[in-house]
Structure formats: structure tokens, C-alpha cells
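Please look over the structure shown here before reading on. The questions after it concern its core, its ligand site and its strands.

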Amino acid sequence: MSVKRSHSLSLGIVGLPNSGKSTIFNALTKLTVPAENFPFCTIDKNVGVVEIPDERLGRMSAYFNAKKIVPSAMTFVDIAGLVKGASKGEGLGNQFLSHIRETDVIMYVLRAFESKEIVHVYERVNPVEDFEIVQAELIFKDIEVVEKKIASVNKMARIGNADAALEMNILEKIQKNLGMGIPVVDMEMNEKEKEYVYDLWLLTSKKRMFVLNCKEGLESEKIEVWKKELEEKTGDLVIMADVKLVGEMEDADEYAELLGYVPKSVKDIIKGAYDALNLITFYTGSEKECNAWTIEKGANAKEAAGVIHTDLENNFITADVVNVDALLDAGGWVKAKELGLVKNHGKDYIVQDGDYIIILANK
Ligand SMILES: Nc1nc2c(ncn2[C@@H]2O[C@H](COP(=O)(O)OP(=O)(O)O)[C@@H](O)[C@H]2O)c(=O)[nH]1
Ligand SMILES: [Mg+2]
């Protein structure tokens with residue numbers, strides 16, 4: 001499994017200076033939760049841990065009248081602006097590149113708004129080019145890492161290491177592609193190559209999503225063209241959002257009446273990150289405690305048990321599973337069982353979004 005299977009997913013906000021990164025960071029981290037609930041993360045002013053808004057968890061905890069509610073969380077990191085030359089230490093480049101290394105997904109915030117007061121470093125508005133400038137810096141940094149690795153593998157080859165030739169093949173392929181401006185996420189790779197590359201922690205291997213910072217709902221066809229261009233280039237999610245508005249509004253629906261369209265909200269952006277990472281949520285719970293857990297799509301019941309506790313994974317026997325909404329609609333566990341909604345599954349069962357799971361394990 002390539003993506004972390006824990007609560008502690010993290011998203012790095014990346015872009016040129018004055019694109020709206022800090023504005024969006026502030027909007028997202030309004031939902032910040034007390035750090036002691038999430039001991040994995042030390043909080044500073046550029047890092048915020050945010051609870052994932054989750055209606056199903058709310059409904060389930062109300063049903064159980066749960067004493068404790070533990071939602072999934074996501075860590076947001078506001079990474080300072082990157083400019084051309086960042087990979088060579090221009091601006092405060094290098095230091096910030098190391099912050100990106102620690103995140104699971106990169107959210108590019110790209111400026112698509114005009115403003116005389118707020119300067120654009122390159123004095124024009126073109127989000128597609130801005131993306132390419134920033135990504136190029138990440139590619140340069142990856143090339144550096146790969147070249148260092150090639151040098152060390154070469155040494156291993158000389159002392160007769162059997163794996164060295166195989167490693168060299170993979171590294172040279174990556175080096176060649178990076179040299180052509182292709183980020184790692186867009187490279188064709190087999191499972192073995194993917195596994196190897198995962199351990200290199202390359203910046204361009206991160207999943208991506210995009211926020212085009214614009215006057216949503218009012219903007220010209222030009223922005224639609226940029227959006228399409230980005231989608232075609234990357235295959236990734238592009239959200240058009242008025243980043244300033246995202247921060248100011250409490251309730252998107254209320255604004256919808258005012259504006260005549262539904263503006264993008266913090267929830268849309270978080271959902272985008274979930275999709276970008278290919279994540280789903282499953283639930284466990286009782287009167288004592290209700291939990292929402294995050295897992296990669298395609299994970300099986302045994303792996304899901306491991307997200308809760310390593311012992312549960314190691315001693316896994318079977319899992320009783322029912323969709324959480326179906327469970328609550330039926331009026332609880334006993335009724336759901338009577339209706340035949342609860343299914344017993346073995347370790348290979350692929351967990352579905354919205355599953356409520358009771359793991360049976362050896363003590
Ligand atoms: N006119 C306008 N200004 C914005 C918009 N989004 C952000 N800004 C302003 O642009 C400036 C830079 O934004 P900031 O979030 O600090 O950018 P960062 O450098 O990417 O972190 C701030 O003064 C914001 O208020 C927008 O959509 N329209
Ligand atoms: Mg900033």
C-alpha cells in the first residue's frame with residue numbers, strides 16, 4: 001500500500017507568492033482541532049490539523065449518544081511561495097522543498113485573478129504557466145536526488161551488488177523522464193518500479209490537485225480554458241474557487257442565494273483532497289466511542305483492522321459489515337441483522353466507503 005493508512009494525512013499548499021495560499025490555509029484551518037487529540041503533529045503557524053467534516057459520523061454518534069467522537073483529520077501545511085530557482089535555493093526555496101517532502105498530496109493554488117495592488121511575481125496572470133514554473137522546480141530537485149542515488153548505486157555495482165543493475169535501470173528511466181519534464185506521478189511504471197520509487201520520497205511523485213483562485217461564478221471564458229488545459233495536462237481535479245470568499249463565508253448555501261451560484265467551500269476542497277488521494281471512510285462505534293477512519297480505496301478488511309490497531313490486524317478472524325446509513329435507517333444492529341443487511345466477511349473483503357465494521361479478532 002503506497003499511501004499512509006492512518007489518520008494523519010497531510011496536504012501541502014504550494015504556489016507562487018501572492019497566489020492566495022495563506023488565504024486558503026486560513027480558511028481551511030478555521031476548523032482546527034485541539035492538538036492533543038492528534039499527537040502526531042506539532043503545530044506551528046504554518047501547520048494546522050483539521051477535522052474532516054463528516055455527516056455520517058455526526059448521525060452515528062447521535063444515534064449511539066456516544067461519549068467520545070473521533071473524526072478523521074487532515075494536516076494542512078502552508079508552504080511559502082516558490083519562485084524560479086527555488087530548487088537552487090532562490091528565495092527560501094530549499095527549506096520549503098523539504099516541507100513538501102513530508103506531505104501526501106500537493107495542492108497547487110494558482111492565481112487567476114487580476115489585481116493592481118497585489119503584485120504577481122511575473123507581472124501577468126497565467127495559472128497554467130505558473131503551475132509549470134513551480135512543478136519545474138520540484139522536477140529539478142528530484143533530478144538532484146536521483147543523480148545522487150545513481151552515484152551511490154554505481155558504487156554498489158562496482159563492489160558486485162546483485163540488485164544494483166536492476167536499481168540502475170529504474171533510476172535511469174526516471175532520470176530520463178524527469179529530464180524531459182515529466183513528473184513522477186505521470187510516468188508509466190510497473191508495481192516493482194512504483195515500490196522502489198516510493199522509497200525515494202520524490203517531490204513529483206505526490207498526488208496533485210489544483211485550486212484556480214478566481215472570481216468564481218463571474219469569471220470569463222479564459223479561466224474555463226485554463227481549467228480545461230490543466231485537466232488535460234494532468235488528469236487531476238481542478239477546483240475553481242474564490243479563495244477570499246471561501247475564508248469569509250460561514251455557510252455556502254446562504255451565499256448561494258446572495259450570489260446566484262453555489263460558491264466552493266472548505267468542504268469541497270477537503271473532499272477534493274480525499275478524491276486526489278483515493279481515500280474512503282469507514283466507521284466503528286458504540287455508546288463509548290464513535291470513530292471515522294480513513295483508508296485507501298481497495299484496502300481489505302484485514303488492512304482496515306490494522307488502521308485501528310496492529311493487534312487487530314495480526315489477530316484478525318472476520319469482520320461484520322453493514323453500510324452505516326443502512327444500519328441507522330434500519331434502527332440499529334439487531335434490526336439490521338434481522339433484515340439481513342449485516343454481512344460476515346473474511347480478510348480479503350474490499351472495504352467500501354461508508355462501511356460500519358465490527359472486527360472479530362483473537363484475544
Ligand atoms: N483581489 C483579490 N485578492 C486576493 C484574492 N485571494 C487572495 N488575495 C489577496 O492577495 C494577497 C496575497 O494572498 P496570500 O494568501 O497571502 O498569498 P500567498 O502569498 O500565496 O500566501 C492578500 O492580500 C490576499 O488578501 C482574490 O481572489 N482576489
Ligand atoms: Mg503566504
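What follows is a set of questions with reasoned answers.

This is a predicted model, in which local features need pLDDT of at least 70 and side-chain atom pairs count only at pLDDT 80 or more, while totals for chains, interfaces and linings use all residues. Residues are numbered from 1 along each chain as its sequence is written, and chains are lettered from A and ligands numbered from 1 in the order in which they are written.

Q: Where does the largest nonpolar core lie with respect to domain 1 and domain 2?
A: The largest nonpolar core (buried Ala, Val, Leu, Ile, Met, Phe, Trp, Tyr and Cys residues joined through C-beta atoms within 7 Å) has 87 residues, and Ile13, Met107, Val211 and Ala273 have the most contacts inside it. Domain 1 (8-276) and domain 2 (298-361), whose bounds come from an automatic or database domain assignment, both give residues to this core, so the core lies between them.

Q: Is helix H1 largely enclosed or largely open?
A: A residue is buried if 20 or more other C-beta atoms lie within 10 Å of its own, exposed if 12 or fewer, and partly exposed in between, with C-beta atoms placed from the backbone. The buried residues of H1 are Lys21, Thr23, Ile24, Phe25, Ala27 and Leu28. Because six of the eight residues of this helix (residues 21-28) are buried, H1 is largely enclosed by the rest of the structure.

Q: Which element gives the largest share of the shell around ligand 1?
A: Among the 16 residues around ligand 1 (C-beta atom, placed from the backbone, within 6 Å of it), Gly20, Lys21, Ser22, Thr23 and Phe113 come nearest. Helices and strands here are DSSP runs of at least four residues (H or I) and at least two (E) respectively, numbered from the N terminus, and those giving two or more residues to the shell are H1 and helix H8 (243-248). The largest share, three residues, comes from H1.

Q: In E9, which residue is the bridge partner of Leu279?
A: Strands pair if DSSP finds at least two bridges between them, and strand E8 (residues 279-285) pairs with E9 in the antiparallel sense over seven bridges. The two strands form a hairpin with three residues between them. In E9, Leu279 has as its bridge partner Glu296.

Q: Is Ala256 buried, partly exposed or exposed?
A: Ala256 has its place in helix H9 (residues 252-259). Because Ala256 has 14 C-beta neighbours inside 10 Å, its class is partly exposed.
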